[in-house]
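Ready for some short exercises at the bench desk? Have a look at the structure first, then work through each task with its solution.

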Amino acid sequence: MKYIIANWKMAPANKERAEGLFNAIIQETRSAPSGLQIIVCPPFVWIPLAREILSYTGRFALGAQDLAMNAQGAFTGEISASMLASLGVTHVIVGHSERRALGESNDIVLAKLKTALGSGLSPILCVGEQTREGDWHTFLRTQIDSALMALAPNDAKKLIVAYEPVWAIGGQEPDTPDSALTSIILIRKITRERFGDSIARTIPILYGGSVLPETVGPFVAQEGIDGVLVGRASMDAGAFSLVVRAFASSDRS
Ligand code: PGA
């Protein structure tokens with residue numbers, strides 16, 4: 001199974017546009033291969049609309065971009081895991097660098113992972129270094145170790161990891177597929193140390209950061225990369241369909 005995660009960030013700007021994008025994506029991805037799981041992560045407010053429009057196709061899973069770290073309580077403005085689950089959400093992004101930049105620590109990421117799992121959601125854990133200067137491998141290892149340390153092997157079966165070097169997000173230049181693969185191999189090694197080989201094998205590890213129609217090809221071709229997390233290119237149905245088609249034309253999907 002290969003994965004494409006669409007992270008719509010803070011878009012579209014209004015309900016009409018959101019409806020337009022959902023419908024266009026359904027049209028454009030009709031021929032998506034069956035071995036490809038597409039997980040659409042709209043902003044919270046468009047989730048009911050997304051469910052209504054996307055779910056009847058049976059082609060998409062619904063994800064959220066964040067969740068509260070507490071399962072319940074007086075937390076103004078927060079959205080709980082159980083609220084998401086009750087709307088048909090099955091996946092949730094945890095620890096995206098744009099959330100970490102707003103102050104989300106490794107401890108908060110861990111709490112959110114546990115809360116998501118507690119409500120039966122599959123967390124999409126985002127990790128990635130800020131820069132390639134200094135001992136960035138140790139930085140990456142700490143991020144992953146601290147996120148995985150309290151997870152039970154059974155929890156790990158629900159996990160998806162997205163390796164997203166922060167410097168590659170929102171630009172034009174992704175990491176090279178070879179260098180992304182080196183980081184993915186490190187992540188795989190840590191999951192193996194933590195959960196054992198047979199469970200580690202089941203954890204999809206994706207690449208994200210400037211995945212665009214013109215950059216996606218080599219990532220699809222890279223055997224050790226299980227899919228992509230797409231930001232900007234997922235907010236444009238035409239661009240998104242080209243990303244999907246890159247998987248359709250690959251032998252491995
Ligand atoms: P981008 O965003 O594809 O626009 O670089 C990636 C992301 O949301 O992490």
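The exercises below go from the ligand to the aromatic pairs and then to the backbone.

This is a predicted model, in which local features need pLDDT of at least 70, side-chain atom pairs count only at pLDDT 80 or more, and totals for chains, interfaces and linings use all residues. Residues are numbered from 1 along each chain as its sequence is written, and side-chain values use heavy atoms, with hydrogens and water left out.

**Exercise 1.** Find which residues are around the ligand, and sort them by class.

Step 1: Take every residue with a heavy atom within 4 Å of the ligand. The list includes Asn-7, Lys-9, His-96, Glu-164, Ser-210 and Arg-232.

Step 2: Sort the shell into classes, where Ala, Val, Leu, Ile, Met, Phe, Trp, Tyr, Cys and Pro are nonpolar, Asp, Glu, Lys and Arg are charged, and the others, Gly among them, are polar. You should get 3 nonpolar, 6 polar and 3 charged residues.

**Exercise 2.** Work out how far polar side-chain atoms of Asn-7, His-96 and Glu-164 are from ligand oxygen atoms.

Step 1: Look for polar contacts, meaning pairs of N or O atoms within 3.5 Å.

Step 2: Read off the distances: 3.0 Å for Asn-7, 2.7 Å for His-96 and 2.6 Å for Glu-164.

Step 3: Check the cover with accessible areas (Shrake-Rupley method, 1.4 Å probe). The ligand has 280 Å² on its own, and the protein covers 100% of that.

**Exercise 3.** Describe how Tyr-163 and Tyr-207 pair.

Step 1: Apply the rule for rings of Phe, Tyr and Trp (its six-membered ring): centres within 6.5 Å, with planes under 30 degrees apart stacked, over 60 edge-to-face and the rest tilted. The count is 3 aromatic pairs.

Step 2: For Tyr-163 and Tyr-207, the centres are 6.4 Å apart and the planes make 55°, a tilted pair.

Step 3: Place them on strands (DSSP runs of E, at least two residues). Tyr-163 is in β6 and Tyr-207 in β7, so the pair ties together parts 44 residues apart in sequence.

**Exercise 4.** Find what is notable in the backbone at Pro-12 and Lys-9.

Step 1: The peptide bond joining Ala-11 and Pro-12 is cis, with omega about -10°.

Step 2: Lys-9, although not a glycine, has a positive phi of about 50°.

Step 3: Pro-12 lies in the loop between β1 and α1, and Lys-9 is likewise placed in the loop between β1 and α1.

Key. A polar contact is a pair of N or O atoms within 3.5 Å; within protein, one must be able to donate a hydrogen and the other to accept it, and residues adjacent in sequence count only if both atoms are side-chain atoms. Helices (H or I, at least four residues) and strands (E, at least two) are DSSP runs, numbered from the N terminus.
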